[in-house]
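Here is a short briefing on one sheet, its covering helices and two unusual backbone angles. Keep the viewer open while reading.

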Amino acid sequence: MDRLFAILWYVFILAAAFTIAGWRYNMGPVIWMRRSRGRARALEDDASRRELVERVRQRLPQASDQNTVFSLQVESHSSGGGRMRVTTYTYYYKVFVADADCLWVLPFSYDRKTRSYQVGDPVPLTREIIQSVSLSGKRDKKLSVSFTLKPELGQDTVIMVLEPLQFQRNKFYPFDFLQEAACARAMDITEKLALSACGLTPEDLEKTRLEDECGNYAIAAGFCGFFGIVAAYASHALLLPLILFGAALALFGVMLSKRQIPKISLIIVIVQAVIAFWLVR
């Protein structure tokens, strides 16, 4: 009976760890299934893509399927304290058109109840108004491009999210369609703007992206260490803590393979490992 209880604890701790990791990185079986269904619908019917491009073309004649990007940025905000914390999500919709030497930004408003949308008037994003450019996320999946604007413009940042596959993760996502060519075109223009506006090469941009990506690996390693402590306290056995701390080491290995050296996160995980070992004794 005690052995069965220990096994159930192992399963619970692993499930909790994977659930939190999935929530943090927008992963898990539900998202994977929705992605698969979204891709199938996008391949079967591109009517929603054609309709969006046509609406954008009415505002900007040079828009086409090859250069029109639908961008959805999601931000989370936590409030409250103690035992009650509330997390709210804000969705920012935009359309970008990659022109010869600039990106056009078009506001996009979406009514999730009627599943209808409107496209606003285009505004040019040119090298003259850009102060810096940085990347975050993963290429060919979800890559965020942050354009920091010059202070005198009164607006801080414009963020373009490049997702080759748009699919309905929840009711706030309006489309299932593919925009691979448009995302590639937008990235080409981004690199040209970064170079001409602030002297950043594609290698410089990739460095900023790797720093962000490896920061997420460091957070995931910390979660593994935390659940390693929980596992040590619950089971008083080494097996599950070793698995979790092994996962943390694997994440550090990925960081090193990308030429990013873990610092504070490594110290935190070492302290967590010492605590877990002390609990198992």
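Two strands count as paired if DSSP finds at least two bridges between them. In strand 8, one such bridge partner is Ile 159, which sits opposite Ser 146. The model is predicted.

**The sheet**
- The sheet is open and has 3 strands, in the order 6-7-8.
- Its pairing is antiparallel.
- Strand 6 (130-138) and strand 8 (157-162) are the edge strands, and each pairs on one side only.
- Neighbouring strands are turned by 15° against each other on average, direction ignored.
- Strands of a sheet pair through backbone hydrogen bonds, either parallel or antiparallel.

**The pairing of strands 7 and 8**
- Strand 7 covers residues 142-149 and pairs with strand 8 over 6 bridges.
- This pairing runs in the antiparallel sense.
- Ser 144 has Val 161 as its bridge partner in strand 8.
- Ser 146 has Ile 159 as its bridge partner in strand 8.

**Burial of strand 8**
- Is strand 8 largely enclosed or open to the outside?
- Strand 8 is largely enclosed by the rest of the structure, because 5 of its 6 residues are buried.
- The cut-off for buried is under 20% relative accessible area.

**Helices across the sheet**
- Helix 4 (residues 180-198) lies across strand 6, strand 7 and strand 8.
- Helix 4 runs at about 140° to strand 6.
- Helix 5 (residues 202-235) lies across strand 6 and strand 7.
- Helix 5 runs at about 45° to strand 6.

**Positive phi angles**
- Most residues other than glycine have a negative phi.
- Which phi does Arg 115 have? Its phi is positive, about 55°, although Arg 115 is not a glycine.
- Arg 115 sits in the loop between strand 3 (103-111) and strand 4 (116-119).
- Arg 115 has 42% relative accessibility, so it counts as partly exposed.
- Asp 140 also is not a glycine, and has a positive phi of about 70°.
- Asp 140 belongs to the loop between strand 6 and strand 7.
- Asp 140 counts as exposed because its relative accessibility is 70%, and the cut-off for exposed is over 50%.

Conventions. Residues numbered from 1 in each chain as written. Predicted model: local features only at pLDDT ≥ 70, side-chain atom pairs only at ≥ 80, totals over all residues. Heavy atoms only, no water. Helix = DSSP H or I, 4+ residues; strand = E, 2+ residues; numbered from the N terminus. Axes fitted to C-alpha atoms, helices over the stretch in contact; angles between N-to-C directions. Contact = heavy atoms within 4.5 Å. Buried < 20%, exposed > 50% of the residue type's maximum accessible area, 1.4 Å probe, protein only.
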